[in-house]
Amino acid sequence: MKYIGAHVSVEGGVSNAPLKAAEIGARAFALFTGSSARWVSKAITEKEANLFKENCKANGFTPDVILPHDNFLINLGSPEEDKLEKSRKSFLSEMQRCEQLGLSMLNFHPGSHLNKMDENDCLDLIAESINLTLDQTQGVTAVLESTAGQGSNLGHQFEHLARIIDGVKDKSRIGVCIDTCHTYSAGYDLRSEEGYKETWRLFDEIIGANYLRALHINDDKRERGSRIDRHELIGKGTLGIEFFERLVNDPRFDGMPMILETPDPDLWPEEIAMLYSLIK
């Protein structure tokens with residue numbers, strides 16, 4: 001079964017996220033468990049955490065179809081010592097919030113070298129940061145997100161993700177989320193039928209199919225290889241509707257969250273319904 005949803009708001013508290021997801025016809029959802037743009041977020045009360053779990057259960061959302069995202073300030077490969085320390089502390093807090101909410105994954109962008117250190121050294125530093133966090137938590141998988149490769153961001157090549165995974169000690173708690181817009185902008189030909197097959201063949205060969213935990217399903221405003229991250233509405237961008245029809249009918253993605261982050265939240269109910277209608 002396919003579990004399609006969107007990144008919903010947590011306005012009024014995290015316990016509202018599953019309610020908002022149910023309202024738009026989602027079978028999966030993503031959320032920020034705190035602020036998306038602050039190092040430290042307000043603590044989640046025990047009452048709020050319990051209500052979140054109750055609302056998830058009541059609406060049929062199990063932890064394996066919920067994909068929380070960390071805040072955007074975190075850079076686990078930062079070459080700047082103070083920023084690295086802040087990032088690691090914040091990432092640990094994000095993982096602990098997931099533990100508190102009974103969630104099993106935390107999605108994050110790998111990191112950036114800021115043109116101040118060697119690429120491979122940065123990838124190894126990211127793996128070290130993940131190891132430090134996994135040692136202090138339990139039950140939550142760190143899920144690396146593929147990037148478009150803007151600026152000095154790493155994670156736009158499958159080899160980057162594979163090197164990080166190789167450096168993580170506990171392989172049972174590391175995974176990958178492929179963002180379709182990012183991966184296409186990074187240069188992988190997901191659009192054509194042959195390119196689609198080749199992209200997933202490369203993923204299996206370089207990273208390993210067993211590490212795929214989730215998908216962000218976004219069309220792309222830019223051309224393949226642009227290295228620019230600009231999401232577009234489903235079927236309205238350069239990836240096109242045929243790609244998404246191929247994606248939602250691919251049995252490899254059964255049982256994992258497929259999350260919309262397209263630019264108009266008002267259209268999410270329509271986009272989710274349309275994607276389900278494409279399943280043969």
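**Exercise 1.** How far apart are the mean positions of the positive and negative charges of the protein chain?

*Solution.* Keep in mind that we're working with a predicted model here. Start by counting: the protein chain carries 31 positive and 44 negative charges. Then take the mean position of each set; the two lie 2 Å apart.

**Exercise 2.** Work out whether the radius of gyration of the protein chain agrees with that of a compact globule.

*Solution.* First, the expectation: for 280 residues, a compact globule would come out near 19 Å. Next, the model: the protein chain has 18 Å, so the two agree. For the outline, look at the C-alpha trace, which spans about 50 × 45 × 30 Å along its principal axes.

**Exercise 3.** Describe how the protein chain is built and how much of it is buried.

*Solution.* Begin with the secondary structure: there are 9 helices and 12 strands. Now the contacts: take those between residues at least 6 apart in sequence, and 76% of them join residues at least 24 apart. On to burial: 53% of the 280 residues are buried. Finish with the outside, where the accessible surface is about 12,200 Å² and carbon and sulfur atoms account for 48% of it.

**Exercise 4.** Place Leu51 in the fold and decide: buried, partly exposed or exposed?

*Solution.* Find the element first: Leu51 sits in helix α2, which covers residues 46-58. Then check its relative accessible area, which is 35%. Buried needs under 20% and exposed needs over 50%, so Leu51 is partly exposed. Last, pair it up with Leu275: the two are 224 residues apart in sequence, and their C-alpha atoms are 30 Å apart in space.

How values were computed. Residues numbered from 1 in each chain as written. Predicted model: local features only at pLDDT ≥ 70, side-chain atom pairs only at ≥ 80, totals over all residues. Heavy atoms only, no water. Helix = DSSP H or I, 4+ residues; strand = E, 2+ residues; numbered from the N terminus. Rg over C-alpha atoms; globule rule 2.2 N^0.38 Å. Buried < 20%, exposed > 50% of the residue type's maximum accessible area, 1.4 Å probe, protein only. Contact = heavy atoms within 4.5 Å. Areas by Shrake-Rupley, 256 points an atom, 1.4 Å probe, with all protein chains shown as cover. Lys, Arg positive; Asp, Glu negative; His and termini not counted. Charge placed at Lys NZ, Arg CZ, Asp CG, Glu CD.
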